[in-house]
Structure formats: C-alpha cells, structure tokens
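Notebook, aromatic rings and cysteines. I went through the side chains and wrote down what I looked up.

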Amino acid sequence: MTSTLSAPQSAVAAQAGDLAAQTRPDFPLLAQTACLGQPLIYLDHAATSQKPRQVLEALQHYYDHDNANVHRGAHQLSARATEGFEGARAKAAAFVGAANPNEIVFTRNASEAINLVARSWGEANLRPGDEVLLTVMEHHSNLVPWQLLADRTGCVLRHAGLTDTGELDLNDLRSKLNERTRLVSLVQVSNTLGCLNPIAEVAALAHAAGALVLVDACQSLPHLPVNVKQLGADFLVGSSHKLCGPTGMGFLWGREALLEAMPPFLGGGEMIQDVYLDHSTWAGLPHKFEAGTPAIGEAVGMGAALDYLQAIGLDRIHAWEQQLTRHLFERLQAIDGLRILGPTPEQQPDRAALAAFHVEGVHANDIAALLDSAGICIRSGHHCTQPLHRHYGISGSARASLSFTTTTEEIDRFADELQGSISFLREHS
C-alpha cells in the first residue's frame with residue numbers, strides 16, 4: 001500500500017520504530033496467558049487502557065510513603081500529598097496546553113466533567129429556546145447530561161449528522177448553527193466510527209455564531225497531541241483510565257474566565273472560603289469545583305501516566321498506531337460480509353486506531369465470546385452510542401481497538417480467529 005504519510009509524518013514514523021516492542025515490558029498485564037496457555041491479546045483499549053508499571057509504582061509509593069489529606073494539614077505527609085496532587089494538575093495542564101493549572105478541575109471521570117458544565121454553566125446561562133448542538137456520533141456521556149439540562153431549562157437539543165463515509169457532516173453542522181446556538185459539544189474522536197473531527201474548524205464556526213465549544217477528548221488524548229489553544233475550545237474533558245492511568249479520575253479544562261463566572265457544582269468541604277450558618281463564600285479556582293476529599297492517589301497515578309506518555313511522545317504514538325490501523329483494516333476488509341463503520345485510513349489517514357464492525361447475520365456478542373475463548377479481548381455491543389447504531393440500522397457492533405503496545409502479530413492472530421469464528425457461527429446459525 002502506498003504511504004499516506006507526509007514527509008514530516010514519515011520522519012516521525014521512522015523515529016517511532018516498533019513502539020510495541022519498546023513498551024510492552026512496562027505492562028505486566030499484557031504478559032499473562034489466557035485459556036489453554038495462549039497469550040492474552042487485549043484489543044479493548046478504547047474502553048480502558050492498561051497501566052504501565054510506572055503508574056502502578058507511583059500509586060504504591062503514594063500509599064506507602066505520602067498518604068494524607070491534601071491542602072488541610074500542616075504536617076509533612078500532607079505537604080507531600082499536596083505536592084503530588086497539585087503536581088498532577090500541572091501535568092494535566094501541560095498535557096493539553098492550558099494557560100495555567102487553575103484551568104484544570106479534577107473530576108471522577110469525563111462523564112462527571114460534562115455534567116459539571118451542564119449543571120454549572122448550563123443552568124446559569126441557558127434559557128427556554130436556547131440551543132445546544134451535538135452530533136449523532138456522541139457517546140451517551142455527551143448526550144444524557146444535555147437531555148437532563150433540556151428537561152430542566154427548556155433549552156433545545158439539535159444534532160449534526162454524518163457523511164456517507166462516517167465522518168462529521170460539516171455542512172449539516174453549519175446549517176444548524178444559528179443565533180440561538182449557545183454551545184456546540186462534540187467528540188474529537190468517535191469511539192465507534194474512529195473519525196477525527198475537525199475541531200478547530202467547528203470552533204471557528206461556533207464562535208462566529210456566538211456559541212461556546214466543549215470537546216470530549218477521551219479517545220484523542222491517549223493517541224495524538226491535543227492543544228486546547230490550537231483547537232479553539234472553551235471546554236475539554238478527559239479521563240485518566242483511557243490515558244494509562246487509574247480509574248475514578250478525570251478532568252475538565254475550561255477557559256479561566258468561564259470557570260470564574262460559573263457557580264459551584266457540588267457543595268461541601270474544600271470548595272469554600274468561609275462558611276456561616278446561613279451562607280458561604282467560595283474558594284478560588286479550581287477548588288470551588290472540587291468538593292470533599294479528592295481522589296489523591298488516583299491523581300498521582302494519572303500524573304505518572306501523563307509523564308509516561310509524554311516520555312514516549314504523542315507524535316510517535318500516533319505514527320505507530322497509524323501503521324497498525326492500516327494493517328488492521330487490510331485484514332478486516334478481506335473478510336467477506338464484514339462492514340467497518342466509519343472512514344477508512346485512505347479516506348482519513350489520521351483516523352483512530354480502532355475498527356467497529358458489523359457482520360450480516362452474525363451477532364457481535366457471539367463473535368466476542370468465541371474470540372474470548374481464544375484469549376482475544378474485544379468489545380461488543382453499542383459502545384455507549386445507541387443513537388449512532390440506530391442511524392446505521394443495527395443494534396450493536398464488535399470493536400477492536402489498538403494501542404501503541406499492540407503488535408502486528410496480534411492483529412494477524414485476531415483476524416485469523418475472527419475469520420474462523422464467523423465461519424463457525426454461519427455454519428451453526
């Protein structure tokens with residue numbers, strides 16, 4: 001196949017080398033064997049990433065040496081815990097190109113971050129008839145919070161559609177932007193279609209219409225460089241567990257002026273300045289959005305994960321995964337009756353390293369179960385994108401999602417086992 005990489009991209013790809021060979025020794029889980037002594041093949045990275053030993057060691061060190069509550073104690077343990085916790089905030093800010101760490105609000109996950117914006121900014125700013133523009137490819141986490149907000153405020157939800165290749169229909173989005181649009185909220189990379197949305201172009205269109213832009217970056221942050229200034233975003237959300245970090249940790253980035261103007265999300269300790277019996281005043285950014293004892297160890301672990309990814313280089317990760325994606329599509333496209341959702345690498349070279357697919361007459365869950373019996377972990381179901389699957393007239397799909405730790409040999413074994421599973425299910429249906 002002719003390379004679709006530009007000259008600078010080709011140079012990065014050459015530097016990337018075989019990232020799987022370089023990084024797999026850092027991931028203990030990937031070394032285990034599955035049933036019948038077969039090597040475990042994990043192809044569900046879009047659902048949750050595996051954790052390198054550097055992250056596991058950071059978690060262990062925190063609980064062994066620094067465990068204490070943050071911000072509130074005068075003793076040395078609290079000081080060290082605070083240093084690690086706030087250090088993770090600074091790392092997250094640098095990872096997305098934030099102006100300063102105060103623009104990073106820690107949350108339990110990206111879903112909570114979107115809910116925070118919907119409850120705090122949305123309830124303070126949206127009135128009946130105001131519009132929030134989404135897309136049909138959104139994860140449920142970027143649909144349900146706005147549906148709840150619409151119920152509370154009377155705002156109207158609109159949805160941009162798709163092109164025939166499974167990419168964002170910019171013309172449709174442009175036609176639905178109007179003077180009533182207050183927010184455009186969309187995913188940067190679809191967890192089902194794998195398409196990379198042109199966020200900078202969407203942001204320019206939205207801002208020209210007087211609307212803000214929220215970006216769900218869960219599927220982009222682990223795989224390619226993301227910079228909020230270059231994107232032109234107003235809000236951006238991410239999740240630690242997709243970034244080689246611990247579960248139960250995520251963050252919201254927001255422009256400082258917007259966060260300053262927003263009321264608190266939850267009430268309690270830490271988010272206050274002064275408390276009286278009948279009223280309270282709020283702490284400054286970002287703490288007014290972080291009520292109660294936070295996930296300190298998880299923040300430290302996420303910080304270690306961000307260090308790990310930065311040390312590899314997001315450009316190198318993206319270049320290696322582009323090679324893997326082309327190989328994955330070549331193998332899947334050779335299977336009769338298999339339909340991949342979303343654009344091909346030829347149609348969109350920067351698309352994500354995943355493939356969600358449907359096989360006519362074969363249930364995705366049956367495919368996943370047979371592959372699991374061969375030690376291969378993939379996803380099946382609607383991937384929290386039920387409206388998108390309804391758009392395609394199917395109830396679900398199977399999905400293989402890759403990482404920089406994935407090898408071409410794993411893709412080949414997956415494709416071979418998939419072909420055999422499909423043949424078996426067709427014969428016995």
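I began with Tyr62, in what is a predicted model. Tyr62 has a relative accessibility of 3%, so I put it down as buried, the cut-off being under 20%. I then looked up Tyr63, which is partly exposed at a relative accessible area of 47%.

I counted the aromatic pairs and got five in the structure. One of them joins Phe27 and Phe404: I noted 6.0 Å centre to centre and 65° between the planes, which is edge-to-face. I looked up where the two rings sit. Phe27 is in the loop between helix H2 (19-23) and strand E1 (41-42), and Phe404 is in the loop between strand E15 (397-401) and helix H15 (408-427). The pair therefore ties together parts that are 377 residues apart in sequence. I checked burial for this pair as well: Phe27 is buried, and so is Phe404.

I went back to Tyr62 and Tyr63, which also form an aromatic pair. I have their centres 4.8 Å apart and their planes at 75°, edge-to-face.

Next I looked for clusters of rings. I entered one aromatic cluster formed by Phe27, Tyr308 and Phe404.

Last, the cysteines. How many disulfides does the structure hold? I found zero. I looked up Cys35, which is in no disulfide; its nearest cysteine sulfur belongs to Cys377 and is 9.3 Å away. The cut-off for a disulfide is a pair of sulfur atoms within 2.5 Å, so I left Cys35 unpaired. I have Cys35 as partly exposed, at 33% relative accessibility. Cys155 I entered as buried, with a relative accessible area of 6%.

Conventions:
Residues numbered from 1 in each chain as written. Predicted model: local features only at pLDDT ≥ 70, side-chain atom pairs only at ≥ 80, totals over all residues. Heavy atoms only, no water. Phe/Tyr/Trp six-rings, centres within 6.5 Å; stacked < 30°, edge-to-face > 60°. Helix = DSSP H or I, 4+ residues; strand = E, 2+ residues; numbered from the N terminus. Buried < 20%, exposed > 50% of the residue type's maximum accessible area, 1.4 Å probe, protein only.
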